[in-house]
Each structure stands twice: as C-alpha cells, then as structure tokens.
Amino acid sequence: MADTLEFNEIYQEVKGSMNDGRLRLSRQGVIFKNSKTGKVDNIQASELAEGVWRRVALGHGLKLLTKNGHVYKYDGFRESEFDKLSDFFKAHYCLELVEKDLCVKGWNWGTVRFGGQLLSFDIGEQPVFEIPLSNVSQCTTGKNEVTLEFHQNDDAEVSLMEVRFYVPPTQEDGVDPVEAFAQNVLSKADVIQATGDAICIFRELQCLTPRGRYDIRIYPTFLHLHGKTFDYKIPYTTVLRLFLLPHKDQRQMFFVISLDPPIKQGQTRYHFLILLFSKDEDISLTLNMNEEEVEKRFEGRLTKNMSGSLYEMVSRVMKALVNRKITVPGNFQGHSGAQCITCSYKASSGLLYPLERGFIYVHKPPVHIRFDEISFVNFARGTTTTRSFDFEIETKQGTQYTFSSIEREEYGKLFDFVNAKKLNIKNRGLKEGMKQSYDEYADSDEDQHDAYLERMKEEGKIREENANDSSDGSGEETDESFNPGEEDDDVAEEFDSNASASSSSGDGDSDRDDKKPAKKAKIVKDRKPRKKQPESKKGKDPNAPKRPMSAYMLWLNASREKIKSDHPGISITDLSKKAGELWKAMSKEKKEEWDRKAEDARRDYEKAMKEYSKADSHRGERSKKKKKKQEKLVKGKGDKKGTTSKSSSSKSPAKGMSDSFKSREFVSSDESSSAESKKEDSEDEGAASPPPSSEDSASGSD
C-alpha cells in the first residue's frame, strides 16, 4: 500500500464556506493546504480520534474528529475512493472509517449532543445537522428557549444568522436545562468579550490600513484596536501571517498582519493590518501578569519587563500570542542597496518586497502573492518612458497584478531573483530569440523591453558612423555617382513622354503640356536637398563593398557573448561600459592582434572598392550617352514648338482683319494690349521652363 494519498479539488468546510485546496494523507498525519490563502492545516496521526464517511452535497465527505475536540470536514470525494481511504485509515491510523448518512426525514424534534467544538442535532442515531460552535457569536436564553447568533459570512451570498432551540422543562431539581445548554455553547463559542484586564497596551500607534491612530490592547485570545471612530476586535485565530519589513529610507519599519477573514468597516474589507513605526522610538513594557504566569504561558518567549524599540516589542508580543513566525525580507538587495523596489500598483506608489516564498506590496492596497500560486511573471516595457519597466504577475486563478514604473537599474537584480526562484518567465522565449538555444529554462541576461530598444539604438549609431566614414573616405566615388545632370535627364524624360502624348492634340493641349514640365522643374529646383536623398539611396548598389570594422568593433563582436555570460543580467549600456574598460585594460600585444585583423579587413575593402569603381565607371559612360541622346530629342521638339508658335501668331492678325475689316492702324488699343500681355506670358513661361523652352523663346523673337 502507498505511504501517501493525495487528492486535488477537495473542499474544506470552514464557518459555512467551502474553501478548495489539496489534501494529503501520510503516515504522519493529514495535511490540507488552502489554495486561496495558502493556510495549512496539519493534523497529527496520534491526534485522530474518529473518521466518518458520509454523503454530502458535493459528492461524499470525510469528517475527522481529534482527541482535543476539533472537527475537520473535507468534501469532494468520489464514492469509489471509500475503499482506498478505509484501507489507508486501518493500516496507518488504526481507525475504522465509519459510514454514517445524514437523516433526511425532515423532523424538527430530536436530541442535542455536544462533542468537542460541535453541536449535533440527532434523530435516533442519525445526525440531522451540525453546528461548529466557533461560528457562534452570541448565545442568549429565554423561558425554555436558547438563541444562537452567528458571525456573518462575507463569502456567502446568503448567511444563516440565528437558530432557536426549544428546551422542555425537566423534573430534576437544581438543574436548569436552558442554562446548561447555554453554558455548553458559550464554553466553546467564539464570543469576543473584553473582560478582564489587557496583558499590555500600546498607545497611539500609526496605522496605515485602516488609516488612523489606534490604541492596541493585547488580550489573551484577541487583539483590540481602539480608535476615535472605529473599534476592531481581532481574534488571534484569524491571523494568517506576520511580516516585519524595513522601509526604503532605513528610518521606518512596517509591521503587517495578514487576516482571514478580514476586518470590516462598512462595505470595506481590510485583509491586512499595517502599522508604521519609527526606528528611533523606544518603549519600556511591563506585562499585566505575574512572572510565574508569564513563564508558564509563554515559555521564555516573553518576560514581565521588557524594553527596546517599539516595533520590536509589538512584533515580539504578537509572535508569542499568535504563535506564528515573523516573515522578513530574504537575501534580495536592489540597485540602491534596499531590500525592496519602488513601484506603482494601480494608482498609488509603494514598495514591492521580494520574499523567500512570495512577494508583498505595501501599502495601498496591500498585496501578498505566494510563489506557489504564480503561473508566470512578465517583464514588460514601460508605457510612458523607456527609463522604467513593468513587472507583471499572473496567478493560476487568472488574476493579474502589474507593478509599474520600476527603474531600469532594478531589472538585473529582480530578474536574477526571479530566475533563482525558478518562476516561469513569460517573455523569456522572446528574449532568447536572438540565440540558437530556445530552452525556456536557460539563463537570460537581457529583458526584452530594454534589449530591443538599446539594440536598435546601438545599430543606428554604428550605421551613422559608417555613413559618415563612407562620405568622408569615398568622396570621389560619391561625386561620380551623383551627377546633377542625371536629375535633368529624369525631367526631360517626363517632358518627352508628355510631348509625344500631346503632339496629336490641339494648340491649347500643347500649351498645357508645356507648362507641366516647367512646374516640375521648379519643384525640383526648390526641393533640391530632398531630391538628393532618394537619388543617393536609389543609386546605392546593395552589392557595393561594406566599410571595414575597426579593431575595437571586431573585438567587441567576438567578446560580447563572453561578457554576458560573465555578468548575468547586465544591460546594454553597462555592457558597453564594461567592454570599454576591458579594451582599455587590454595589453598592447593583444590589441595588435586585432589591429592586424582590422588592417586585413581594410585591404580587402580597398581591393573590392577598386573593382566596384571600374564597374561604376562603365555605368557612368552609358548614362552620359543616354543624356546626349535626350538632349538631341529635347532640342528637336523645341524647334517644332517654335514653328508652331510662329504660325499661331501669324494666324491671329489675319483672323482679326477678316472679322473687323480694319487695317492694322485702326486696331483698338484693347486688342493690342491683350496681344502684348499674351506675348509677355509666353515669354515668362519660356524663362521658367527647362532649356527647351528657352530655345522656343529665341525662335519666337526671331
């Protein structure tokens, strides 16, 4: 038989709520871990007194009773698992797992039995319902009647608030059955009454949540917060964890108390009680107990008279009464040396503390995330600036937490911490994409949000330097490849195509076509610097030899991966600085080796450049021939245009004579002025047009 049994999706009934989690049965005992809060219930095998198997709403359930009266209920089992559990209980716990079904007759008359912390209402030998007495907040009596009031359950939509029992009178003298019933209930009920004197009182403590100044009265079973407006009574059984966290300024301390269920203020729920202390504030404390009682109850953890820092006294007293360990930050240390990271969550700024088993954020709103409930984390680019990044956490339940505005300098430390805790990093695959290995669990030293941006900046700087070097070192080749005459050729080609297309059109169309190349030439002239850039890009041959790298760049490309492996988590900026330091400290002999490689690369470049220049000169000759051919075509079209303008000007006076039957000296001044204006317009167009139009104006003047 197996030594352990494990069950997933088991529900524990606590104060009317069904909390899901995982149940594990072993030789040593029974362990249940709550998935929501992470709280662990550990029942030793020697403490088990009885085990009951019964049918419940969620399938089948297991009820365990301990020797000290505690009752634990776990639901969600399948019927087929009974035999396996029964054999396990017999073999390891020496207990018989008893099958006992609930009574469903619907009767309301029966017998009440008190067993430990459980009130059971039975009909015959079958239980009808059971009430955990820890759920009872108050018990009042009347004539032959007992009323039980319950704590409100915030997790349930409908809560049972009150139950009344009718207790018939008996003939026994001296015993009141109603009072006996009430005493049995009150002895086990969770009734908070501030009776007696407090063990100690801390005055006017600064509380961040709930906000205000509170007096904290320490009682044996609960904590009493007394403020000007609100009072809270917090049972020690509701305390899950205690945290003692140093502030980033090293002058203050946070003391955080995690609560489940939370304390309430109207509709607001406070799952964390956060106290803020100054390190300089001291106190002398005297417990309201004699030394024997202190020694017997606290076993040396507290003494009657104590003195020290206020935060130390509060944490020490709470640790002794709650009987839980105090969690402090682990070995994480940020860029500034603090054990926390400044960031923002939702709309407020606060501090994120990486702990040994989780993260805690203080203070508004406080958030505690355990490592075992984290599905993955993600390093994201900052939304407003590249000087910060976001740290995202998604839990297995699908809840997402985004801590934003974290300084870039904190990235390396935080990433190393997350990597050391073996948390799943969502964007690790993207980050490792530049490498050949795609192992999700390999070390990664760059965060995607920084690496991509910095890589682009670095490549842009290198391209800029190479472009400047190429413009300085190969100026002659650039001058040959860039010829302003070629620009005119492009205009001439457009002009020729337009002229040929409009040669069969009328005179008006030819005038419009003449104006088009004139406008294009004017645009080219005004935006000459803009025109150069595409021409140079267009003329750049992708097969042209690339500029050789310097000795430092050759060494950096060969040594980059080694520097990354020696300094995990190093950023691009720090890598460049480190490389500069290593290069500066390198011996002269090693530098000469890289100088020789750079010299060889330069010779190869010069040789390739000569071959490329020869091929480029052939292309230049072909372009010159093409230019001459275009000039001839443009000149011929200019002559043709001049002839056309002559004929049109000679036709117009003839047309005027035929219409008005007047000789030349009788032509009106208006007509002559309009003709002169037309002539001036044509001359202006000829001056603004390319060389062909200037020839037109010359022929027109002839």
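## Exercises on helix H4 and the cysteines

Helix H4 spans residues 310–322, 13 in number, and reaches 18 Å from its first C-alpha to its last, close to the 18 Å expected at 1.5 Å a residue. The expected span is 1.5 Å times one less than the number of residues. Helices are DSSP runs of H or I, at least four residues, and strands are E runs of at least two, numbered from the N terminus. The model is predicted: local features need pLDDT of at least 70, side-chain atom pairs count only at pLDDT 80 or more, and totals for chains, interfaces and linings use all residues. Residues are numbered from 1 along each chain as its sequence is written, and side-chain values use heavy atoms, with hydrogens and water left out.

**Exercise 1.** Determine how far H4 is enclosed by the rest of the structure.

*Solution.*
- Step 1. Apply the cut-offs: buried is under 20% relative accessible area, exposed over 50%, partly exposed in between (1.4 Å probe, protein chains only).
- Step 2. List buried residues; among them are Leu310, Tyr311, Met313 and Val314.
- Step 3. Count: 10 of the 13 residues of H4 are buried, so H4 is largely enclosed.
- Step 4. Check what follows H4: Asn323, with a positive phi near 60 degrees.

**Exercise 2.** Explain why Cys340 and Cys343 form no bond with each other.

*Solution.*
- Step 1. Set the criterion: a disulfide is a pair of cysteine sulfur atoms within 2.5 Å.
- Step 2. Take the sulfur of Cys340: the closest cysteine sulfur, in Cys343, is 9.1 Å away, too far for a bond.
- Step 3. Check burial: Cys340 is buried at 1% relative accessibility, and Cys343 is buried at 1%.
- Step 4. Read the total: the structure holds 0 disulfides.
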